[in-house]
Amino acid sequence: MTKSLKVAIAEGLPPQTLFKLRSIKRALMGQPPPERPQAAAVEQQPEPAPESVPAPIVEAPSEPRTRQTEALERLDAHKISAPYLFFDVDDVLILPAKEIARTLTLSVMYINSADVKGDIAEFGTMGGFTARTLANAMVFDPRYQPNQPLRKLRLFDSFEGLPEITAQVDLESQHVKSGTWSKGGCRILSAADLRTMVEAIIPPSRVEIYEGWFADTVKLLPDDTRFALIHFDGDLYSSTMDALVPCFERGFISKGAVLCFDDWNCNEADPEAGERKAWADLVSRFKIVASHSGDYSIQGTKFIIHSYLGMKPRA
């Protein structure tokens, strides 16, 4: 019934009027204008009075969907995460460890890409988290390490916790005065536990474990030892100096080597305490030239070594 009425109205209207009505309808619907009526048909009808007809809406050519399209749609629909939603409660707890793992993994990748000579050392293994991280990052060395033989992972720890604290610098530091660091603290794994853990990741031939105080075990290293990466987690000023003074004295640290300090910002980030104080003294003593490559996680920082007194040339 409705269709017949529309047809009847359409047939009763002059072609020019019908054309204008259809043009308005199509313009409102975003459609192209209809075809104009034949000239002969138009001539048979008197010219109606001029009417105001809106210009037809012409659609712009549609662009292909891209990530930009999706992003703008999500923004308009308010589906972009708010800053406080970036990390949920579980992320908050593990974020510091993830940041440490990220830095150490990228450091291993860097020494391969930059072809830095030497092994990877860790002073202070505690629960084995960072030792496992380093080992995991080393599994691709057979494909990506340019120089041979394959690097070893050399792990140094007393496995008795922290030593007796006697250095005045340490005794005056906040972590020692508060009891956070004390003799025997930070003892978790045995040497056997650590070995089992790491040798499940890389072959035993690539792992060396040195059990004892840093000042004693570093002496066991041969003169041709080279380190491309050192992760230092010995906490105390005295432990830092015990480990790193011999490494610089004997030219163990290669040009381009990475040096990561795990406890850089402990002791209220006091430059007169802990690893910060030790690094300042090492730089002064050995005229170390290094690039500070930024802090990571909560307490760590990273340097790349360029030169120092006694640095040995690449063999």
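Which residues lie nearest the centre of the second largest pocket, and how many residues line this pocket? The legends below address this and other close-up views of a predicted model.

**View 1. The second largest pocket and its lining.** In this predicted model, the second largest pocket is lined by 17 residues, and those nearest its centre are Lys 117, Gly 118, Asp 119, Pro 149 and Asp 224. Its volume comes to about 390 Å³, and the lining residues divide into 8 charged, 5 polar and 4 nonpolar.

**View 2. The largest pocket and the residues at its centre.** The largest pocket encloses about 640 Å³ of space. Its lining is made up of 36 residues, of which Met 126, Asp 233, Gly 234, Asp 235 and Asp 263 are the closest to the centre. The elements that contribute two or more residues to this lining are α5 (89-113), α6 (129-138), α11 (214-217) and α12 (237-249), and α12 gives the most, with 3 residues. By residue class, the lining of the largest pocket divides into 16 polar, 13 nonpolar and 7 charged.

**View 3. The surroundings of Asp 157 in strand β2.** Asp 157 belongs to strand β2, which covers residues 153-157, and is buried without forming a salt bridge, the nearest side chain of opposite charge being that of Arg 187, 8.0 Å away. The side chain of Asp 157 does, however, have a polar atom 2.7 Å from the backbone nitrogen of Thr 125, and the side chain of Asp 157 also reaches the backbone nitrogen of Phe 159, at 2.7 Å.

How values were computed: Residues numbered from 1 in each chain as written. Predicted model: local features only at pLDDT ≥ 70, side-chain atom pairs only at ≥ 80, totals over all residues. Heavy atoms only, no water. 1 Å grid on protein atoms, 1.4 Å probe; cavity = no way out; pocket = protein on both sides within 12 Å on 5 of 7 lines; lining within 4 Å. Points joined across faces, edges and corners; volume = space filled by probe spheres on them. Helix = DSSP H or I, 4+ residues; strand = E, 2+ residues; numbered from the N terminus. Nonpolar A, V, L, I, M, F, W, Y, C, P; charged D, E, K, R; others polar. Buried < 20%, exposed > 50% of the residue type's maximum accessible area, 1.4 Å probe, protein only. Lys, Arg positive; Asp, Glu negative; His and termini not counted. Salt bridge = Lys/Arg side-chain N within 4 Å of Asp/Glu carboxyl O. Polar contact = N/O pair within 3.5 Å; in protein donor to acceptor, adjacent residues only side chain to side chain.
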